[in-house]
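Good morning, colleagues. Please take a moment to look at the sequence and the structure on the screen, and I shall then speak about a few selected residues.

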Amino acid sequence: MKVLETERLILRTLNEDDADFYLKLVTQPAWLRFIGDRGIRTVEAARAAILSGPMAAQELYGFSFYMTELKDEARPIGICGLIKREALPDVDIGYAFLPEFWGKGYAYEAAAAVLEYGNRTCGLQRIVAITAPDNHQSIRVLEKIGLKFEKMLQLKDDGSETKLFGSQF
């Protein structure tokens with residue numbers, strides 16, 4: 001189901017048929033480095049992750065991560081959306097794109113649309129984002145969509161820190 005449309009992109013709900021693409025995305029070196037290894041190694045595991053993650057969240061909250069596709073080609077290039085994490089009091093925005101689509105403004109375009117959707121359609125008054133301190137590309141996107149650095153967080157038991165950004169509407 002189409003959720004958002006921008007000048008160049010369609011954002012739609014993820015479904016089980018997206019498992020091949022999702023597997024490719026979550027096994028990218030940048031995903032593993034900046035987001036983390038979810039242990040997804042097969043199409044079946046990717047399908048299960050979509051079912052228990054984005055599809056379940058969409059049903060529960062009315063928002064989730066969305067497949068982000070090039071409008072003209074209906075070609076999947078990444079995911080972008082909103083997530084409610086137990087570790088954070090606020091809903092956060094997240095995105096990940098295949099490397100061949102970096103540096104073309106797609107993350108900004110998708111994230112800006114999702115931020116507006118979160119406020120106007122979902123009624124969220126505050127949206128946050130988390131990122132690794134050395135994920136400079138992601139930090140630039142967050143700042144460009146208007147989120148401001150707030151503080152460092154320790155979300156994992158390994159002692160690593162995460163940057164928290166936020167936007168109040």
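**Selected residues in a predicted model**

Leaving aside residues up to four places away in sequence, Phe149 touches Lys163, Leu164 and Phe165. I should say at once that this is a predicted model. Phe149 itself lies in strand β7, which covers residues 148-153. With a relative accessible area of 42%, Phe149 is partly exposed. Its C-alpha atom is separated by 10 Å from that of Thr131, and these two residues are 18 residues apart along the chain.

Let me turn to Glu109. This residue is found in helix α4, residues 106-120. Is Glu109 buried or exposed? Its relative accessible area is 13%, so Glu109 counts as buried. Which residues does Glu109 touch, not counting those up to four places away in sequence? They are Thr6, Glu7, Arg8 and Leu9. With Thr6 there is also a polar contact between the side chains, at 2.4 Å.

I come finally to the cysteines. How many disulfides does the structure hold? The number is zero. Cys80 is in no disulfide, and the nearest cysteine sulfur, which belongs to Cys122, is 12 Å away. Why is there no bond from Cys122? Because the closest cysteine sulfur, in Cys80, is 12 Å from its own, the separation is too far for a bond; a disulfide requires the two sulfur atoms to be within 2.5 Å. As for their surroundings, Cys80 has 0% relative accessibility and therefore counts as buried, whereas Cys122, at 27%, counts as partly exposed.

Key:
Residues are numbered from 1 along each chain as its sequence is written. This is a predicted model: local features need pLDDT of at least 70, side-chain atom pairs count only at pLDDT 80 or more; totals for chains, interfaces and linings use all residues. Side-chain values use heavy atoms; hydrogens and water are left out. Buried means under 20% relative accessible area, exposed over 50%, partly exposed in between (1.4 Å probe, protein chains only). Helices (H or I, at least four residues) and strands (E, at least two) are DSSP runs, numbered from the N terminus. A polar contact is a pair of N or O atoms within 3.5 Å; within protein, one must be able to donate a hydrogen and the other to accept it, and residues adjacent in sequence count only if both atoms are side-chain atoms. Contact means heavy atoms within 4.5 Å.
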